[in-house]
Amino acid sequence: MSAAAAAVPLSHTVTAAGGDADREQRMKWWHEARFGMFIHWGLYSTLGRHEWAMENEGIPLAEYEQLAKRFKPKPNAARDWARLAKQAGQKYMVMTTKHHEGFCHFDSKLTNYTAPKQGPGRDLVKEYVDAARAEGMRVGFYYSLMDWHHPDGARCATDEAARRRFVAYIHGQIRELLTNYGKIDILWYDVAWPLDAKGWESEKMNAMVFQLQPEIIVNNRNQLEGDFATPEQRISADKRAWESCMTMNDSWGYQKADDDWKTPKTIVRNLVTCARDTGNYLLNIGPEADGSIPDESVRILSWVGRWMDRNGVSIYQSETTQPRRSAFASFTRKGNTLYMHVYFWPGQTVALGGLTNRVKSAKLLATGQDVKFEQEKFRVRFTGLPEKAPDDPVTTIAIECDGEPRQDMDWVRKEHPRVTTL
Ligand code: GLC
């Protein structure tokens, strides 16, 4: 363990973001990774009507609990998820160990409402952890604080004895999760209703987490800032570390009627936007009750994965970039190389205005081929390109510059000679 990691108990009680050398070190791999897989899987997957079905449909607890007996996933379904994640170019996974419904995929001494004690008859978190590790994925646990099943889950807001029992239960389960499965890389809290940080004893919660897992990173959904922000279903850059989580259709949990799938182009553009603004993209799959991944998710992620095979260099470890967008392209940067991600391909020539650096070389990431270019004062034109986009769904041109790439559109607008020939 490094000196910084050994200093953990002190620094981890600091919940404000930034400026923390220990935090920087813990988060290094995560910043480089850029792309992860979110997995929403639970009893709701047997219904196939979204993970909020229990509450949205007002399903009585006793009726909902029957699903726990019916839930019999195929063995090691998580292996397919981990393989797909790897193929897609994702570097980490975050699985729901317990969603709002309260059912635990892990072995818990604190409740019988668990996978080992109900239908599955085995520990699904263990299967997931083993599968993720086998593919070299970093391992994340999603854990919902809100609990629709626990008897004290709502009354804890108004009854102090209930709050104590419930908080002991939640802290106890987090302890189990972070004790029984080896090294865990991310703890992803969700929905803190109905308590605040004081009620949840969130400072104590995080202190325990870092004591058990000194190198872990935690999100901000236990009412503390944690290590990173979690914009949901939108991409919004933050001054601090951030991860945008998003569904591929409109549901997190399996929803058999939801056919509102994003195209691979939209997914790649979103990933590029996250990488451009140095955030992460946590993209969700909602496996069916048996654990199989919906066909459309497999199709989209495989497509994205083929793109990442050719273009991953422009995504991983991306740095802040000043050239950000044009009407048909977006940008990422690493060192002096600007990656121009063209999503609406204009044909044989692709032009870029206002670049203030000299271009040294350019190539297509799709093929590795050099691209010819002509640089004038206000524009660079990449020429001799195919009429049809050489990559699908987005073509990336790697543009090596003589310094950190800068673009000045003001200069173009103001200084561009207005000498008319008409
Ligand atoms: C929300 C939803 C939930 C989903 C989560 C993912 O909090 O309640 O269903 O798990 O967002 O970010």
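## Ligand shell, two helices and some unusual backbone angles

The shell of residues around the ligand is made up of seven nonpolar, three polar and four charged residues. The model is predicted. Of the 14 residues around the ligand, the nearest are H40, E51, H99, H100 and E232.

Three side chains have polar atoms close to oxygen atoms of the ligand, as the table shows.

| Residue | Distance from a polar side-chain atom to a ligand oxygen |
|---|---|
| E51 | 2.6 Å |
| H100 | 2.8 Å |
| D190 | 3.1 Å |

On its own, the ligand has 300 Å² of accessible area, and the protein covers 93% of this.

### Helix α14

Helix α14 covers residues 295-311. How far apart should the ends of its 17 residues be? At 1.5 Å a residue the span should be 24 Å, and the C-alpha atoms at the two ends are 24 Å apart, so the expected and the computed values agree. The expected span is 1.5 Å times one less than the number of residues.

The buried residues of α14 are S297, I300, L301, S302, V304, G305, W307, M308 and N311. An α-helix has 3.6 residues a turn, so residues three or four places apart point the same way. In α14, the buried list includes S297, I300, L301, V304 and M308. Both strands and helices help to cover these buried residues: among them are the strands β1 (35-39), β7 (280-285), β9 (337-342) and β14 (395-401), and the helices α8 (78-88) and α13 (264-276).

One residue of helix α13 is N270. Is N270 buried or exposed? Its relative accessible area is 14%, and N270 counts as buried because the cut-off for that is under 20%. Leaving out residues up to four places away in sequence, N270 touches I235, M246, K262 and Y281.

### Helix α9

Helix α9 runs over residues 124-134, and its buried residues are L124, V125, E127, Y128, V129, A131 and A132. The cover over these residues includes β1, α8, β2 (92-98), β3 (138-144) and α10 (160-179). Both β1 and α8 also belong to the cover of the buried residues of α14.

At the start of α9, the backbone nitrogen of V125 has a side-chain oxygen of D123 within 2.9 Å. Just after the helix, G136 has a positive phi of about 75°.

### Backbone angles in the loops

Which residues are joined by a cis peptide bond with omega near 5°? They are W193 and P194. P194 sits in the loop between β4 (186-190) and α11 (197-200). Another cis peptide bond links D392 to P393, with omega about 10°. P393 belongs to the loop between β13 (379-383) and β14, and β14 is also part of the cover over the buried residues of α14.

The loop between β4 and α11 also holds V191. V191 is not a glycine, yet its phi is positive, at about 35°. With a relative accessible area of 24%, V191 is partly exposed.

Q223 is likewise not a glycine and has a positive phi, here of about 75°. Q223 lies in the loop between β5 (217-218) and β6 (243-246). Its relative accessible area is 43%, and Q223 is partly exposed.

Note on methods: Residues numbered from 1 in each chain as written. Predicted model: local features only at pLDDT ≥ 70, side-chain atom pairs only at ≥ 80, totals over all residues. Heavy atoms only, no water. Near = heavy atom within 4 Å. Polar contact = N/O pair within 3.5 Å; in protein donor to acceptor, adjacent residues only side chain to side chain. Areas by Shrake-Rupley, 256 points an atom, 1.4 Å probe, with all protein chains shown as cover. Nonpolar A, V, L, I, M, F, W, Y, C, P; charged D, E, K, R; others polar. Helix = DSSP H or I, 4+ residues; strand = E, 2+ residues; numbered from the N terminus. Buried < 20%, exposed > 50% of the residue type's maximum accessible area, 1.4 Å probe, protein only. Contact = heavy atoms within 4.5 Å.
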